[in-house]
Amino acid sequence: MNNNLLESKTVVSGIRWSGAIQFIGESVRIVVSVILARLLAPEDFGLLAMASVVTGFLVLFQYMGARGVIIQRKELPPDLVNSLFVLNLAFGFIIALGLILGASALAMLYKNS
């Protein structure tokens with residue numbers, strides 16, 4: 001019984017931390033959006049919003065399941081940490097290269113070339 005109580009406290013604590021991090025992240029995004037809306041011309045802000053759709057979609061693939069591997073294990077061997085680092089770094093470069101190579105196609109899609 002004591003072990004179940006400890007686990008439930010851990011789960012509740014994890015939910016609180018996760019919620020707090022989510023709230024802070026969204027708050028920062030809202031503040032940045034308001035600042036950019038004030039600084040940029042309407043056309044430029046619209047272009048930024050269109051680009052945000054694409055980059056926001058790509059963020060979904062950012063960690064490729066690496067978070068699950070990290071969370072599921074109590075102790076992480078250094079080889080696993082190094083492998084995940086290299087995997088995430090490589091995937092970041094692939095996404096950046098894809099955005100660079102696909103920029104003109106996206107501009108044509110948005111009719112903004």
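A pocket here is an open set of points, on a 1 Å grid over the protein atoms alone, with protein on both sides within 12 Å along at least five of seven lines; lining residues have an atom within 4 Å of a point. Grid points are joined across faces, edges and corners, and the volume is the space filled by probe spheres set on them. Keep in mind that this is a predicted model, where local features need pLDDT of at least 70, side-chain atom pairs count only at pLDDT 80 or more, and totals for chains, interfaces and linings use all residues. Residues are numbered from 1 along each chain as its sequence is written, and side-chain values use heavy atoms, with hydrogens and water left out.

**Stop one: the pocket.** Select Arg29, Val32, Ser33, Leu36, Phe45, Leu48, Ala49 and Ser52, which line the largest pocket. The space inside comes to about 200 Å³. Colour by helix (a DSSP run of H or I, at least four residues, numbered from the N terminus), and you'll see H1 and H2 (42–59) each giving at least two residues to the lining. By type, the lining has five nonpolar residues (from Ala, Val, Leu, Ile, Met, Phe, Trp, Tyr, Cys and Pro), two polar and one charged (Asp, Glu, Lys or Arg; the others, Gly among them, are polar).

**Stop two: the salt bridge.** Stay on Arg29 and add Glu26: their side chains form a salt bridge, 2.7 Å from N to O. The cut-off is a Lys or Arg side-chain nitrogen within 4 Å of an Asp or Glu carboxyl oxygen. How many salt bridges turn up in a search of the whole structure? Just one. The two residues sit three apart in H1 (residues 2–39), so about one helical turn separates them. Glu26 is partly exposed at 36% relative accessible area (buried is under 20%, exposed over 50%, partly exposed in between, with a 1.4 Å probe and protein chains only).

**Stop three: the nonpolar patch.** Now pick Val31, Ile35, Leu39, Leu40 and Leu48, a nonpolar surface patch of about 430 Å². Patch members have over 30% relative accessible area and no salt bridge, with nonpolar side chains (Val, Leu, Ile, Met, Phe, Trp, Tyr) joined within 5 Å. H1 brings the largest share, three residues. Zoom in on Leu39 in H1: its relative accessibility is 66%, so Leu39 counts as exposed.

**Last stop: Ala103.** Jump to Ala103 in helix H4 (residues 78–109), partly exposed at 41%. Draw a C-alpha distance to Ala51, 52 residues away along the chain, and you should read 9.5 Å.

Technical notes: On a 1 Å grid over the protein atoms alone, a cavity is a set of points where a 1.4 Å probe fits but cannot get out, and a pocket is an open set with protein on both sides within 12 Å along at least five of seven lines; lining residues have an atom within 4 Å of a point. Patches are made of residues with over 30% relative accessible area and no salt bridge: like charges are joined within 9 Å, nonpolar side chains (Val, Leu, Ile, Met, Phe, Trp, Tyr) within 5 Å. Accessible areas come from the Shrake-Rupley method with a 1.4 Å probe; for residues, only the protein chains shown count as cover.
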